[in-house]
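Work through the following exercises with the sequence and the model open beside you. Each task is followed by a solution that goes step by step.

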Amino acid sequence: MTNLLILQTLNGLQFGILLFLVAAGLTLVFGVMDVINLAHGAQYMLGAYLAAAFTALTGSFALGLLAALPVALAFGLLTERLVIRRLYDRSHLDQVLVTFGLMLMIGEGVRMIWGSAPISVNLPQVLSGSVPVYGNLRYPVYRLVILAAGLGAAGLLGWMIHRTRLGMLLRAGASNRDMVSALGTDINRLFLLVFGFGAMLAGFAGAMMLPLVSAEPQMGDTVLILTFVVIVIGGIGSIRGAFVAALLVGLVDTLGRSFGPVLLRTVMEPDAASQMGRVLAPMLIYILMALILAIRPAGLFPVRQ
Amino acid sequence: MTVLSVQGLTKSFGALKVSDAISFDLRAGEIHAIIGPNGAGKTTLIHQLSGSIRPDAGRILMEGRDITRLPVPARARRGLARSFQITAILPGFSVLENVALAVQARSGSSFRFFRRAAAERALNEQARASLGAVGLAGIAGRAAGTLSHGEKRQLEIAIALAMRPRLLLLDEPLAGTGQHEAARIGRLIASLKGQLGIVLIEHDMAAVFALADRISVLVHGRLIATGSPTEIRQNSQVRAAYLGESEC
Amino acid sequence: MSARDAVMLALVALLAALPPVLQLLGEPFLTVIVTRALIFAIAALSLDLLLGYGALVSFGHAAFLGIGAYTALILSGRGVTGLELQLPAALAAAGLFALVTGAISLRTRGVHFIMITLAFGQMAYYFASSLSAFGGDDGQALRARSTLFGADVLAGNSGFYYLVLALLALVWLFLRALTRSRFGRVLSGTRENEARMQAIGFSPFPFRLIAYVVAGMIAAMAGVLLANHASFVAPSYMGWGRSGEMIAMVVLGGMGTLTGPVLGAIAFVLAEETLARFTTHWRLFFGAAIVLIVLFTRGGLLGALLRGRK
């Protein structure tokens with residue numbers, strides 16, 4: 001039982017970190033540019049496909065992952081230049097529609113190039129084992145690598161947001177949009193950079209997940225919705241909020257699925273408990289979101305006054 | 001009788017005190033002007049009176065009843081009307097509908113789902129009367145978004161009047177209007193004197209001294225003087241802090 | 001009568017004459033496709049009340065479609081096939097769901113509202129996926145088509161068609177009255193300028209909540225019809241892609257006009273069917289069309305139609 005708890009907690013943290021990588025770009029794009037981007041999940045999916053393609057080409061997952069990043073970045077920059085830039089002064093409704101259309105296009109484009117069948121990639125030998133973490137409990141090395149890489153990226157992002165001039169501009173922009181232009185910064189370049197960087201982070205998350213889940217055209221959809229939940233809970237525009245909320249969502253979802261039925265069994269019949277658990281577990285994070293919003297409509301770490 | 005009594009109203013944004021223990025009384029039928037340099041906290045004061053900003057401390061009494069904690073719509077239903085510094089109208093609605101909606105707000109339930117509102121004669125007649133009072137009766141059918149800036153200002157006053165308020169807050173009603181329009185709006189405000197209490201914020205000093213019964217001077221969130229126009233004109237502190245400054 | 005009323009009248013007349021014409025042309029199957037388009041037109045009309053009149057960008061509208069469809073599935077599985085019972089049950093279920101989720105999501109504005117409605121929609125989706133007694137992820141076939149007071153009106157293609165058309169016309173008339181009433185005027189007022197509405201004494205919340213509940217109930221009605229149309233119900237009815245499609249129908253048709261979303265829904269479903277015949281990758285062209293239309297045109301289909309007439 002303890003072992004399972006530790007195992008699932010690690011899984012939850014790893015899932016949360018992954019959500020954070022996707023959510024970071026999304027929350028910045030919302031916070032700084034006030035653009036709602038439904039195609040962000042597609043960037044995550046694209047990252048996985050690119051990594052799969054480059055892995056097949058080079059024969060090495062590490063090289064494939066490295067090669068996928070600049071391409072994901074380039075795709076993000078191109079998207080911003082061609083489409084997103086035209087949405088800054090549009091209504092949220094127009095943004096929703098255009099990025100929805102964009103998402104359909106990217107999804108179908110991926111199907112045309114790589115087909116609908118899932119593409120999987122084998123882990124490199126060094127990363128495929130497991131290591132002991134507690135007592136006789138072993139944990140896959142690769143999942144720990146994801147956890148470490150995610151924490152590293154989060155740390156880097158946190159440093160950037162709080163210690164650099166670019167980060168200062170982003171924070172200023174998220175709490176007060178007029179401020180950024182008042183500081184005499186080239187808004188267009190800043191937005192381009194934020195969007196491209198966010199797209200690359202999402203692509204990085206997708207590429208990292210590739211050995212665990214295999215690339216599928218729909219893989220971005222679920223992640224996108226979960227990231228929405230994350231940034232709504234965290235407070236739109238707040239990187240810190242996204243981090244806390246991502247871990248919260250990751251833990252609640254993972255632990256809820258494995259321990260929900262167990263907990264329910266203490267108050268009801270085993271059959272009913274497992275049935276109820278199956279129904280409730282996938283809804284848990286939405287209930288969590290509803291509860292948090294009922295108390296704090298602007299999320300845990302509201303940014304804008 | 002006192003329509004509005006403001007007692008020790010205090011509000012800070014971070015370290016900045018925008019309202020510092022503001023107190024004044026407004027008698028029924030009077031125009032009480034609040035003047036002061038830009039950034040003195042005039043609009044924040046109006047927001048607190050109308051309910052869109054909560055004060056940190058102090059009380060607001062309207063006709064003797066404490067309204068400090070009431071939200072905006074509840075204050076409006078008690079007879080508090082306001083105009084906005086940046087005009088707030090319903091641009092897609094016709095001029096008549098803008099005003100008829102204000103009539104609707106105080107006459108009968110708005111949870112009526114089938115009868116066509118535009119065909120309710122009682123609403124339209126009262127709305128037309130308000131439009132007539134501000135001189136907009138001739139353009140009742142136009143879309144409000146197409147009006148000139150001065151006409152929108154007049155429309156805001158018509159909307160406020162249609163609410164049959166007992167207290168009216170006017171936030172720079174003359175700002176951005178032409179000379180001709182300003183004179184017309186000035187006459188309109190003067191004609192309301194004696195009917196309801198008005199709190200007036202305005203930068204046009206000639207208009208303020210011509211219209212107001214009492215004037216308060218707000219500097220850095222504090223009222224440094226309150227009195228009749230003559231008293232304010234002669235107050236040396238005010239001249240130093242504000243009037244002298246604006247004359248040179 | 002306004003121009004958009006005239007367009008709607010002409011459209012209904014045209015649609016009423018369609019089944020015999022298609023029969024003559026030897027394409028009776030097209031009636032079935034148009035029926036589907038009209039069902040979505042009902043759903044799009046309900047969404048227009050939120051988008052076009054309340055300026056509430058709800059991204060979870062497909063949940064209500066699904067609630068209606070599952071009500072039909074569950075009731076018909078227990079032998080209750082009468083629409084006279086299925087429809088009230090679907091409306092009640094959807095109304096309740098709308099009341100609870102609306103009360104929470106309407107506390108927020110803008111992007112928050114979009115994402116929260118989206119999340120609630122997904123919650124309904126996962127709930128349906130976990131109903132293993134009703135097919136879980138895969139869904140389940142409807143045991144029997146609905147009846148109306150014991151009569152098999154939905155059994156024949158043209159009977160079904162005319163029932164849907166009649167309901168569409170009724171919903172259009174209902175929403176037309178609603179949006180022009182005192183209630184509708186306040187709802188539209190909150191779309192134009194919320195601060196102004198508050199300043200004259202209206203709290204937007206109850207008006208928005210009622211609109212949200214009414215829209216949800218009408219969409220559930222479309223869901224009951226949709227279940228009968230496909231004779232099959234699956235969680236994918238409430239996927240968020242469906243919600244996105246409905247928003248596209250409303251906006252591309254011309255929101256805040258009632259007639260526009262009807263045109264938008266019909267055009268959308270017909271375009272989908274046509275494109276899908278030519279290429280399996282129709283979504284690529286579909287997505288591109290949505291992007292280009294929203295970026296480079298304004299006012300939607302109805303706007304273009306009325307401009308062309310002038």
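Domain bounds, as used below, come from an automatic or database domain assignment. This is a predicted model, in which local features need pLDDT of at least 70 and side-chain atom pairs count only at pLDDT 80 or more, whereas totals for chains, interfaces and linings use all residues. Residues are numbered from 1 along each chain as its sequence is written, and chains are lettered from A and ligands numbered from 1 in the order in which they are written.

**Exercise 1.** Determine how chain B is divided into domains, and describe the side of domain 1 that touches domain 2.

Solution. Begin with the division: domain 1 of chain B takes residues 1-79 + 165-248, and domain 2 of chain B takes residues 89-164. The C-alpha centres of these two domains of chain B lie 26 Å apart. Eleven residues of domain 1 of chain B and ten residues of domain 2 of chain B make up the contact, where two residues are in contact if their C-beta atoms, placed from the backbone, lie within 7 Å. On the domain 1 side, helix 6 (residues 179-192) of chain B gives the most, with four residues; helices (H or I, at least four residues) and strands (E, at least two) are DSSP runs, numbered from the N terminus. By class, that side has six nonpolar, three polar and two charged residues, with Ala, Val, Leu, Ile, Met, Phe, Trp, Tyr, Cys and Pro counted as nonpolar, Asp, Glu, Lys and Arg as charged, and the others, Gly among them, as polar.

**Exercise 2.** Assess how compact chain B is for its length.

Solution. Take first the inventory of chain B, which holds nine helices and ten strands. The radius of gyration of chain B is 18 Å, close to the 18 Å that the globule rule gives for 248 residues, so chain B is as compact as a globular protein of that length; the radius is taken over C-alpha atoms, and the rule is 2.2 Å times the number of residues to the power 0.38. Along its principal axes, the C-alpha trace of chain B spans about 60 × 40 × 35 Å. Of the contacts in chain B with a separation of 6 or more, 67% are between residues 24 or more positions apart.

**Exercise 3.** Is strand 8 of chain B enclosed or open, and which strands pair with it?

Solution. Count the buried residues first: five of the five residues of strand 8 (residues 197-201) of chain B are buried, so the strand is largely enclosed by the rest of the structure. A residue is buried if 20 or more other C-beta atoms lie within 10 Å of its own, exposed if 12 or fewer, and partly exposed in between, with C-beta atoms placed from the backbone. In a regular strand the side chains alternate between the two faces of the sheet. Accordingly, look at the two directions: B:Gly197, B:Val199 and B:Ile201 point one way from strand 8 of chain B, while B:Ile198 and B:Leu200 point the other way.

Next, consider the pairing, for which DSSP must find at least two bridges between two strands. Strand 3 (residues 31-35) of chain B runs parallel to strand 8 of chain B and is joined to it by four bridges, with B:Ile34 partnered by B:Ile201. Strand 7 (residues 167-171) of chain B also runs parallel to strand 8 of chain B, here over five bridges, and B:Leu168 has B:Ile198 as its bridge partner. Finally, the chain crosses from strand 7 of chain B through helix 6 of chain B to strand 8 of chain B in a right-handed β-α-β crossover, meaning that, with the strands pointing away from the viewer, the path from the first strand over the helix to the second runs clockwise.
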